[in-house]
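Q: Please take a close look at the surroundings of the ligand, and then follow the aromatic rings and the buried cores outward from there.

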Amino acid sequence: MDIEKRKLLLKRKQTIFAEDKGETLIKNIFKHVLPEYGYSIRKNQIDLAASIYHSIKKSNIALCEAEVGTGKTFAYLLAAIIFKLIKEKKIEGIGKSKFEGVQEKLKRKPKKPIIISTSSIALQKALIEDYIPELSKLLKEWGILQAHLLAVVRKGKGHYICDQRLEDCIRSIKDKPEYKKLKKLVELSYKQIDLDDYDDFTPYVKSRINVNDKCSNKCRKYYSCRYNRFLNKAMSPTYDIQICNHNYLLADIKRRSQNKSPLIPDYFLIVIDEAHKIMDTARQMYNTPLSKTYILKILNIIGKLNFKRKKTKKSVKRYIKLLIHNTNRLYTELFNNIPRDTIFEDTEKFKTSINKKAWVSIKSIIFGIDSLIDIIENNIYIMPNKKNLLYYILRSLKDIKGRCNIYLKEDNIIYWLEIANKDKNKITLCSIPKDLQKRLFNDLWIKPVPIILTSGTLSESGSFSHLKKKTGIENVRRARLDEVTKGSPFNYQKNTLMYINDKLPFPNNKDNKYINELSIEVGRLIKAAHGHTVVLFTSYRAMGLVFKNVSDIIKEYPLIKMGKGMTNPIDTFKNSKNGVLFAAGSFWEGIDVPGDILSSLIVVKLPFAVPDPISEYEQTLYKSLDEYKDKVIVPEMIIKLKQGVGRLIRSEADTGVISILDSRMKKNGNYYNRVVKALPNCKVTNSISEVKRFINNKKEEAYFK
Ligand code: SF4
């Protein structure tokens, strides 16, 4: 580097540290440092980072909606890192005019990490592999950091290797093809291994070598195994940033509220990215599932125990028989209690009722479990070689009993049935507390740490009312709550067209006329965009029917359907050049397909949620169904729609058409204005010729080949 360039760099560094405010430092990094590495200056990103910094400083809760292209990840990372550095007095010199003074006053204080919680593995990967190393590198090069940032991804124990189980597994599969690969894992015993990174093991093999519920401090490897070494390091002040998913964060929060040992070390800041998913996760984490297979599995293990005394053997056999009988009776009863008129095509949570018969079955299960607990406790010292297994059984029995007790007091819970793969044997009774929002408030929002909730889609046209009510954040003091909305920097007026068709029959997947007309319209739009299309469904059944019909009409573009047997439909679509992807479920969010391959996004139906026992209960909290629709159902639909539509324009250069095909989108109808206002501000048309013209005008020659 020549002298002039060095001087220039030094001058810029001095500018960066010119004032004694973290906010100024953040702004200067965005304006002077990041452009040196090819990043463009984005006003909304700088403002967002400054707002987040202030929220952290005031220990506030910030709701930050940052639309696609804002650069929210760098914004919150930088705000959090600078605050942490100042807090830990690592950059005391920022008050000095000379950059040289910066490093002199380095002091180290015990570190508390930043927690970043995400909903998707893809974002965790991007954070640990791209964002954090990149930011760390450039901040270090500019002398803002003295050492690289250390970050770790934290996952549930099932993702990691258990040395004991690995050893046991290897011993039992000597002549199997996995033997050599597993042996290799033993050689790597110095490092923890995330099984998600090992695609060459089947889920079955992974389930035989991962850490499971039987892990306890009774294990002889407890103090030396790699899992516990990893945990000890993760709980030490080693890491600046700990990344986890929402489930792990809420599991930690719940444990703290129950005075159990935490999963994550004490932190000074929580960032909840992809925060629009936090309530779905809360419903999972505060759920108390009681599955038939779980009860039968534990009974099966007990049945195989070889008790020494004849009398004990006989009693155990009798109680197991009684428990199996009552378990079967309970789930049959619950299944029969599902009102048939509440079963829809895509129902996942089935309404049921715990009537007298079901209640008696639960009581009988508790009685049987208590009897088994007594017997096993009395046998622990008679069967020392089975001690670990017996402790595991005891823990499981007490756990089942605890779960059963919750369903005896049904006034405090919302409960439902879940049936996996429509198999009556894979049936689970689930519940969440009716006061879930209050629990979240007490366990999380009231904590004296700053919490940043961010996502591209948190509000309905800038209003966070729905999010605040749904999460319990509405009970937070107004002064502790910040709300920020940053629009996308993309030029939607120029690059996007919205096509609305309200002439189709009312959406009803059982109506052949609807499916046929919808298929024809989808076909016309595919032709208008010359392939390059994603068709988004809320129902897998409708997706299958329309796909079949469209396959008969469209022969010139590859048609790809998400679903069973398709290992990676997104990659197949990306590589197809001009393909058409029929998608549902996860494609509505978090999937990034920039470029021309996705130039037309068709939403076949407004994505209203399927009614379930939770929505049925929530409705009772509102004065009328209309009010509930207005304040909950429509905002939720709009947030989901924004997520889906957000897949289309992923960069400044992207151009494309959003199509919404739904008869409820009439101009004078209930939803048109709210939907159009919430979606990207672009021209709206109902003419398919205009769609053709738009594509013809916007795309280069290569697009049509
Ligand atoms: S302590 Fe737990 S994870 Fe470690 S070897 Fe034992 S059972 Fe496995």
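A: In this predicted model, helices α6 (163-172) and α9 (226-235) each supply at least two residues of the shell around the ligand. That shell consists of C162, D163, Q164, V211, C215, C219, K221, Y222, C225, Y227 and N228, and by residue type it divides into 7 nonpolar, 2 polar and 2 charged.

The aromatic rings can be taken next. A pair of aromatic rings is described by the distance of the centres and the angle of the planes. Across the whole structure, a search finds 15 aromatic pairs. In one of them, F74 and Y131, the ring centres are 5.6 Å apart and the planes stand at 80°, and because planes over 60 degrees apart count as edge-to-face, this pair is edge-to-face. It links distant parts of the chain, since F74 belongs to helix α4 (residues 72-87) and Y131 to helix α5 (residues 121-141), with the two positions 57 residues apart in sequence. The two partners can also be described by their accessibility: F74, at 7% relative accessibility, counts as buried, whereas Y131 is partly exposed with a relative accessible area of 28%. Another aromatic pair leads back to the ligand shell, for Y227, one of the residues surrounding the ligand, pairs with Y160 in a tilted arrangement, 6.0 Å centre to centre and with 35° between the planes. This pair, too, links distant parts of the chain: Y160 lies in the loop between β3 (151-153) and α6, while Y227 lies in helix α9, and the two are 67 residues apart. Y160 is buried, with a relative accessible area of 4%, and Y227 is likewise buried, at 10%. Returning to F74 and Y131, ring pairs link these two residues and Y39 into a cluster.

Some rings also have a charged group over them. K254 lies over the face of Y286, at 5.2 Å from the ring centre, and the charged end of R318 sits over the ring of Y319, 5.1 Å from its centre.

As for the buried nonpolar residues, the largest nonpolar core has 70 residues, and those with the most contacts inside it are V522, F582, F587 and V675. Helix α19 (residues 512-528) gives the most to this core, with 7 residues. V675 touches L606, M637, I638, L641, I660 and M665, leaving aside residues up to four places away in sequence. Apart from this core lies another, of 46 residues, among them L48, A62, L149 and L269.

Two further positions deserve a description of their own. D273 is found in the loop between β5 (269-272) and α11 (278-285), and with a relative accessible area of 0% it is buried. Not counting residues up to four places away in sequence, D273 touches K72, T73, Y76, S117, T118, S119, L123, H246 and T454. Y294, for its part, lies in helix α12 (residues 292-303), and on the same basis of leaving out residues up to four places away, Y294 touches S396, D399, I400 and R403. Y294 and T428 are 134 residues apart in sequence, and their C-alpha atoms are 9.1 Å apart in space.

Technical notes:
Residues numbered from 1 in each chain as written. Predicted model: local features only at pLDDT ≥ 70, side-chain atom pairs only at ≥ 80, totals over all residues. Heavy atoms only, no water. Near = heavy atom within 4 Å. Helix = DSSP H or I, 4+ residues; strand = E, 2+ residues; numbered from the N terminus. Nonpolar A, V, L, I, M, F, W, Y, C, P; charged D, E, K, R; others polar. Phe/Tyr/Trp six-rings, centres within 6.5 Å; stacked < 30°, edge-to-face > 60°. Buried < 20%, exposed > 50% of the residue type's maximum accessible area, 1.4 Å probe, protein only. Lys NZ or Arg CZ within 6 Å of the ring centre and 35° of its normal. Core = buried A, V, L, I, M, F, W, Y, C linked by side-chain atoms within 4.5 Å. Contact = heavy atoms within 4.5 Å.
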